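Biologist: Could you pick one part of this model and take me through it closely? I'd like to know what sits around it, too.

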Amino acid sequence: MESKILNLLFFLFIGVFIMQAQNSDPHGNHESAITGIPSEKILMVLDITVKDSLQYQQYRLKAEPLIEKYGGIYLVRSGGMEFDPDPARKVTPVEGNWNPNRFIIVQWDSMEQLQNFTTSEEYNTVAKIREN
């Protein structure tokens, strides 16, 4: 009788554990163990090759305030450009042949914020600078 009760309790515990796992939202308000960023944040990752640093600087000076206006936060900016606060900072690949010229990560609170930025008339005017 005691072993039947233990088996019943065991299966009851497993059943409750499985139900909790199925009902938990993997994208809820949990922080990533690696980055510490809440998982619902949107990350815009840019691997840019700068061909004309003067043209890129014009674009950057106009795009940065718009990114901030629409709620974007720079997490990573590297690439060793002369106008960077730390021009010696470059991406150092650990493995493989990937070696970006300029690498940027911008965090947004929502996809809506990012879309509002990328579809804004203000940004579309600025984006034409980099298209030339």
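**A strand and the helix across it**

Modeller: Let's start with β3, which is covered on both faces: R102, I104, V106 and W108 are buried on one side, and F103, I105 and Q107 are buried on the other. Put as a count, 7 of the 7 residues of β3 are buried. Keep in mind that this is a predicted model.

Now for the neighbours. β3 belongs to an open sheet of 3 strands, ordered β1-β3-β2, with antiparallel pairing. β1 and β2 are at the edges and have a single partner strand each, so each has one side with no neighbour in the sheet. From one strand to the next, the twist averages 10°. As a reminder, strands in a sheet pair through backbone hydrogen bonds.

You can check both pairings on your screen. On one side, β1 and β3 run antiparallel over 7 bridges, and V45 is the residue opposite I105 in β3. On the other, β2 and β3 are also antiparallel, over 5 bridges; there, look for I73 opposite Q107 in β3.

Next, what lies over the sheet? Helix α2 lies across β1, β2 and β3, and it runs at about 15° to β3. The buried residues of α2 are Q55, Y56, Y59, R60, A63, E64, L66 and I67. A bit of helix geometry helps in reading that list: an α-helix has 3.6 residues a turn, so residues three or four places apart point the same way. The cover over those buried α2 residues includes the strands β1 (42-48), β2 (73-78) and β3 (102-108), along with the helices α3 (111-118) and α4 (121-131).

As for the helix itself, α2 covers residues 53-69, which makes 17 residues; at 1.5 Å a residue it should span 24 Å, and its end C-alpha atoms are indeed 24 Å apart, so the two agree. There is a kink, though: about 25° at A63, shortly before the proline P65. A63 is also among the buried residues of α2.

The two ends of α2 deserve a look as well. At its start, D52 places a side-chain oxygen within 3.1 Å of the backbone nitrogen of L54. After the helix comes G71, with a positive phi near 100°.

So, to put the picture together: β3 has β1 and β2 as its partners in the order β1-β3-β2, and α2 lies across these strands.

Note on methods. Residues are numbered from 1 along each chain as its sequence is written. This is a predicted model: local features need pLDDT of at least 70, side-chain atom pairs count only at pLDDT 80 or more; totals for chains, interfaces and linings use all residues. Side-chain values use heavy atoms; hydrogens and water are left out. Helices (H or I, at least four residues) and strands (E, at least two) are DSSP runs, numbered from the N terminus. The expected span of a helix is 1.5 Å times one less than its number of residues. The bend at a residue is the angle between axes fitted to the seven residues ending there and the seven starting there. Buried means under 20% relative accessible area, exposed over 50%, partly exposed in between (1.4 Å probe, protein chains only). Contact means heavy atoms within 4.5 Å. A polar contact is a pair of N or O atoms within 3.5 Å; within protein, one must be able to donate a hydrogen and the other to accept it, and residues adjacent in sequence count only if both atoms are side-chain atoms. Two strands pair if DSSP finds at least two bridges between them. Axes are lines fitted to C-alpha atoms, for helices over the stretch in contact, and angles run from 0 to 180 degrees between N-to-C directions.
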